[in-house]
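Reader: I would like a close look at a single part of this model: the pairing of charged side chains, and what surrounds it. Please give the cut-offs with each term.

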Amino acid sequence: MGALVWDKVVHEHQGWRLVTCIWLHAGVVHLLANMLSLVLIGLRLEQQFGYMRIGIIYLVSGIGGSVLSSLFIRNSISVGASGALFGLLGAMLSELFTNWTIYTNKAAALVTLLIVIAINLAIGILPHVDNFAHIGGFLTGFLLGFIFLMRPHYGWMQRYVLPSSVKYTSKKYLAYQWILLAVASVLAVIGFAVGLSMLFRGVNANERCHWCHYLSCIPTSRWTCGN
């Protein structure tokens with residue numbers, strides 16, 4: 001029905017499943033949990049940056065999560081918008097970094113965001129949770145945040161309210177913002193190119209990284225992890 005299935009994506013050339021799986025869910029509870037998260041995370045971002053930029057980050061992050069998931073998980077079906085949601089979390093983090101000068105409580109905002117991200121990633125080590133989709137979506141959104149969510153720095157935004165005796169820079173964006181944008185753009189293109197190439201060549205990423213499977217599930221006395 002459009003879920004992410006490695007065999008169908010690679011051997012039956014159904015690459016469209018990398019996109020359609022984002023819109024499917026494994027039940028009502030799964031759907032409601034993700035939509036509640038989308039409201040809590042996406043509402044503020046969309047109000048500040050508009051639906052177009054946030055929509056692009058959401059969709060591309062979901063695809064990034066699907067690609068990484070397919071590289072590591074071959075024997076399970078995966079559905080859900082979690083990768084796209086983690087992309088929004090990643091974008092919030094990079095937005096904080098690239099727009100650092102306009103925030104007042106920088107440390108509090110950074111610590112709070114890191115705690116939220118860590119808790120959600122930790123939940124992903126439970127069985128039947130596709131944490132590779134979470135990680136792939138987060139990394140994609142983190143890079144896209146530098147590209148799409150750059151805002152004018154504090155000095156530029158305050159230029160009309162500062163006293164005439166106070167000098168301000170005429171540059172709308174600072175040099176480090178452009179550097180972060182350039183680096184993130186290159187990494188995003190390379191990441192997608194390498195990931196898609198490996199996927200459609202049938203590469204099993206577990207053979208390249210023998211410990212990475214622990215990122216998605218850690219076996220304990222209470223449960224075991226499938227392949």
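Author: A residue is called buried under 20% relative accessible area, exposed over 50%, and partly exposed in between, with a 1.4 Å probe and protein chains only. By that scale Lys 8 is partly exposed, at a relative accessible area of 28%. The model is a predicted one: local features need pLDDT of at least 70, side-chain atom pairs count only at pLDDT 80 or more, and totals for chains, interfaces and linings use all residues. Residues are numbered from 1 along each chain as its sequence is written, while side-chain values use heavy atoms and leave out hydrogens and water.

A salt bridge is a side-chain nitrogen of Lys or Arg within 4 Å of a carboxyl oxygen of Asp or Glu. By this rule there are two salt bridges. One of them joins the side chains of Lys 8 and Glu 12, with 3.8 Å from N to O. Glu 12 is partly exposed too, with a relative accessible area of 38%.

Lys 8 sits in helix H1; helices here are DSSP runs of H or I with at least four residues, strands are runs of E with at least two, and both are numbered from the N terminus. Leaving aside residues up to four places away in sequence, Lys 8 touches His 13, Gln 14 and Arg 17, where contact means heavy atoms within 4.5 Å. His 13 belongs to the loop between helix H1 (6–10) and helix H2 (17–20). The phi angle of His 13 is near 55 degrees, a positive value in a residue other than glycine. His 13 counts as exposed, at 66% relative accessibility. As a long-range reference, Lys 8 and Ile 179 are 171 residues apart in sequence, and their C-alpha atoms are 39 Å apart in space.

In the other salt bridge, the side chains of Arg 151 and Glu 95 meet at 3.0 Å, N to O. This pair links distant parts of the chain, 56 residues apart: Arg 151 is in the loop between helix H7 (131–148) and helix H8 (154–157), and Glu 95 is in helix H5 (residues 82–98). Arg 151 and Glu 95 are both buried, whereas Lys 8 is partly exposed.

Helix H7, which precedes the loop of Arg 151, also packs on helix H9 (residues 175–200) at an angle of about 140 degrees, with the axes 8 Å apart. Axes are lines fitted to C-alpha atoms, for helices over the stretch in contact, and angles run from 0 to 180 degrees between N-to-C directions. The H7–H9 crossing is left-handed, meaning that the near helix is turned anticlockwise from the far one by less than a right angle; clockwise would be right-handed. On the H7 side the residues are Thr 140, Leu 143, Phe 146 and Ile 147. Their partners in H9 include Leu 180, Leu 181, Ala 184 and Phe 192.

For the chain as a whole, the secondary structure comes to 10 helices and zero strands. Of the 227 residues, 41% count as buried. Among contacts with a separation of 6 or more, 77% are between residues 24 or more positions apart. The C-alpha trace spans about 65 × 35 × 30 Å along its principal axes.
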